[in-house]
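Subject: The structure to look at

Hi,

Here is the structure I promised to pass on. Have a scroll through it first, then read my notes below.

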Amino acid sequence: MKIKNSLIKPFLTEGRIKTRKNEYTGYLDLLIENDKIAEHAMPGQFVMVRGWDSNDPVFSRPFDIVQVNPAKGLFRLIIKIAGKGTAMLNSLRAGSRLLITGPLGNPVEVPHGEKIILLVRGAGAAAVVYLAESAKKAGTEVFTFLSASTRNRLVCRDYLKDASNDINIITDDGSDGYHGDARDILEGFINKSKPDRIYTCGSKRFARFTGELEKKGLTKGYVFLESYMACGMGDCHGCAVKKRGSGGYFLVCKDGPVFPVNSVELD
Ligand SMILES: Cc1cc2nc3c(=O)[nH]c(=O)nc-3n(C[C@H](O)[C@H](O)[C@H](O)COP(=O)(O)OP(=O)(O)OC[C@H]3O[C@@H](n4cnc5c(N)ncnc54)[C@H](O)[C@@H]3O)c2cc1C
């Protein structure tokens, strides 16, 4: 019997960059060779990655597992170039070695035969591709709302298009799709389509909105959180987020990274 993934201890393992591309401005798309992650990672999980031998930066960096191909031993990451660690990853060529810890975090339960909405912005799109692919395969209807400042930052657009029954594009500058805020078109869509769940990532504004929708009884909401973290395994407590109401904290790495949206304080 195959061991249930969430019980598997994370691997400390080496990977190699198979291909790399910079299709979207400010983002790196890495296809990585590593059998263990490709075979065991589940939707919602992430890896800690480093591509440098020095102690600067000291800590590996966390990234969502975007896609897996167990048959070929490959998995994909989408990385926004934010600072030193991601700039160093962006400087690596195909064939370069990476040190990877994972899969980390709790898998998100894949909805079967339901209707779901994905509401994502910027790098947050990376978090939901694997969930969308798995949910669609499980007979769930997937409706995606992908938002970005401008069209060449609509990261994961093609992956999400393939994994969704329908995709809505929203840009702040009107260079593609709906010109404005995704929230303007979403509430009407929800009232009509009555989805079972909505998953959001990449925008606190969207997360708060999702929380409001749930409070109105329109759908259940979930948020993928991406707090700072040094270890990814519950030791550093860098990723603590406040629980709503009851006091205390969740650790994004151990208790998440996906949470019922109204269970956490979204400051
Ligand atoms: C579970 C998890 C999954 C993630 N998945 C992805 C992903 O799939 N793709 C992706 O592009 N990014 C993802 N991130 C965020 C990514 O890890 C950070 O952007 C990255 O660590 C920045 O490293 P750096 O050394 O380049 O930047 P640093 O030099 O450390 O920082 C550069 C700038 O980015 C800010 N910053 C760094 N980390 C974060 C963070 N977690 N949240 C908000 N601001 C931050 C800093 O304040 C600073 O202004 C994820 C984070 C978590 C916790």
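**Two residues with a positive phi**

Let's start with cysteine 156, which counts as buried because it has 28 C-beta neighbours inside 10 Å, and 20 or more are enough for that label. Bear in mind that you're looking at a predicted model. Cysteine 156 sits in the loop between β9 (141-148) and α4 (157-163). Its phi is positive, at about 70 degrees, even though cysteine 156 isn't a glycine.

Lysine 194 is another non-glycine residue with a positive phi, this one about 50 degrees. You'll find lysine 194 in the loop between α5 (182-193) and β12 (197-201). Is lysine 194 buried or exposed? It has 10 C-beta neighbours inside 10 Å, so lysine 194 counts as exposed; the cut-off for that is 12 or fewer.

**The domains**

Zooming out, the domain assignment splits the protein chain into domain 1 (5-104), domain 2 (115-218) and domain 3 (225-267). Have a look at how domain 1 and domain 3 meet: their centres, taken over C-alpha atoms, are 22 Å apart. Domain 1 puts 8 residues into the contact, and domain 3 puts in 7. On the domain 1 side, the elements that supply two or more residues are β3 (46-50) and β7 (97-104). That side of domain 1 is made up of 6 nonpolar and 2 polar residues, with no charged ones.

**The ligand**

Now for the ligand. Where does it lie? Domain 1 and domain 3 both give residues to the shell around the ligand, so the ligand lies between them. There are 21 residues around the ligand, and the nearest are Lys80, Gly83, Gly85, Thr86 and Ala126. Two or more shell residues come from each of β4 (61-64), β6 (74-80) and α2 (84-90). Of the elements, β4 gives the most, with 4 residues. Sorted by type, the shell has 12 nonpolar, 4 polar and 5 charged residues.

**The sheet**

β4 turns up again in an open sheet of 7 strands, which you can trace in the order β4-β3-β7-β1-β2-β6-β5 with antiparallel pairing. In case this is new to you, strands of a sheet pair through backbone hydrogen bonds, and they can do so either parallel or antiparallel. Which strands stand at the edges of this one? They are β4 and β5 (67-69); each has a single partner strand, so one side of each is left without a neighbour in the sheet. On average, neighbouring strands here are turned by 35 degrees against each other, ignoring direction.

If you'd like one pair to follow by eye, try β1 (residues 11-21) and β2 (residues 27-33): they run antiparallel and are joined by 5 bridges. For example, arginine 20 has leucine 30 in β2 as its bridge partner.

**Two cis peptide bonds**

Last, check two peptide bonds that lead into prolines. The bond from glycine 102 to proline 103 is cis, with omega near -5 degrees. Proline 103 is part of strand β7, and β7 is one of the elements you met on the side of domain 1 that touches domain 3. The bond from glycine 256 to proline 257 is also cis, and its omega is near 10 degrees. Proline 257 is in the loop between α7 (252-255) and β16 (258-260).

Have fun with it!

How values were computed:
Residues are numbered from 1 along each chain as its sequence is written. This is a predicted model: local features need pLDDT of at least 70, side-chain atom pairs count only at pLDDT 80 or more; totals for chains, interfaces and linings use all residues. A residue is near a molecule or strand if its C-beta atom, placed from the backbone, lies within 6 Å of it. Ala, Val, Leu, Ile, Met, Phe, Trp, Tyr, Cys and Pro count as nonpolar, Asp, Glu, Lys and Arg as charged, and the others, Gly among them, as polar. Domain bounds come from an automatic or database domain assignment. Two strands pair if DSSP finds at least two bridges between them. Axes are lines fitted to C-alpha atoms, for helices over the stretch in contact, and angles run from 0 to 180 degrees between N-to-C directions. Two residues are in contact if their C-beta atoms, placed from the backbone, lie within 7 Å.
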